[in-house]
Amino acid sequence: MPMTSKNMAADYDALNIIIDKANVCFDQANTFFGHEFIPATCNLKQRGKAAGTAHLQKNELRFNHFMYQQNPDEFVSTVVPHEVAHIIVYQIYGDTVRPHGKEWQAVMLKVYGIRPSRTHSFDVPPQKQSYEYHCSCQKHHFSKRRHTRAQDGVEYVCRGCRSTLQFVGLNK
């Protein structure tokens, strides 16, 4: 979709709403811990299946605009605190703890009052093309990146039947 001033204005508004919520989350953590955390930068560069990603060493939060548009209120109230909690935990413990471990869960629950969850319920954008693989129990659809890895020798196994996935063909 070509960028228009209307698209850019909507992106700008969405990003400002997300930044405002992230700042509120950092303020809540500052108050709770009695410590001044370094706020992360925010952008709308996240693509694919993830609603957001915390790039810990860069102190950067990436959010998925496609998913934000589906339900902005839910996105801002769940995804933004989820990602900020990763930054808070990293600034306290470094990279010695698990991403969704007890420390992250405690921040979610005690600081933000949100039940910790690793998953979201937003629709993912449709893939431009997918590569069909099969196992003994079902079909699987791979992205171009995953297909390339499989062709380079990475072996993927079905979580259900534990058999190796075999390439069938390209779906358009």
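How many positive and negative side chains does the protein chain have, and how far apart do the centres of the two sets lie? In this predicted model, the protein chain carries 21 positive and 15 negative side chains, and a distance of 9 Å separates the centres of the two sets.

Turning to the fold, the protein chain contains 5 helices and 6 strands. Their order along the sequence is α-β-β-β-α-α-α-β-β-α-β: a helix leads into three strands, three helices follow, and then come two strands, a helix and a closing strand. Taken along the principal axes, the box filled by the C-alpha atoms comes to roughly 55 × 45 × 25 Å. When contacts between residues at least 6 apart in sequence are considered, 49% of them join residues at least 24 apart.

The surface offers a complementary view. Of the 172 residues in the protein chain, 35% are buried. The exposed area of the protein chain amounts to about 11100 Å², with carbon and sulfur atoms supplying 51% of that area.

A last point concerns the cysteines. The structure holds 0 disulfides. Cys135 takes part in none, and its nearest cysteine sulfur, at 3.5 Å, belongs to Cys137. Why does the sulfur of Cys137 form no bond with that of Cys135? At 3.5 Å the two sulfurs are too far from each other for a bond, because a disulfide requires a pair of cysteine sulfur atoms within 2.5 Å. The surroundings of these two residues can be described as well: Cys135 is buried, at a relative accessible area of 12%, whereas Cys137 is partly exposed, at 45% relative accessibility.

Definitions and conventions: Residues are numbered from 1 along each chain as its sequence is written. This is a predicted model: local features need pLDDT of at least 70, side-chain atom pairs count only at pLDDT 80 or more; totals for chains, interfaces and linings use all residues. Side-chain values use heavy atoms; hydrogens and water are left out. Helices (H or I, at least four residues) and strands (E, at least two) are DSSP runs, numbered from the N terminus. Buried means under 20% relative accessible area, exposed over 50%, partly exposed in between (1.4 Å probe, protein chains only). Contact means heavy atoms within 4.5 Å. Accessible areas come from the Shrake-Rupley method with a 1.4 Å probe; for residues, only the protein chains shown count as cover. Lys and Arg count as positive and Asp and Glu as negative; His and the chain ends are not counted. The place of a charge is taken as NZ of Lys, CZ of Arg, CG of Asp or CD of Glu.
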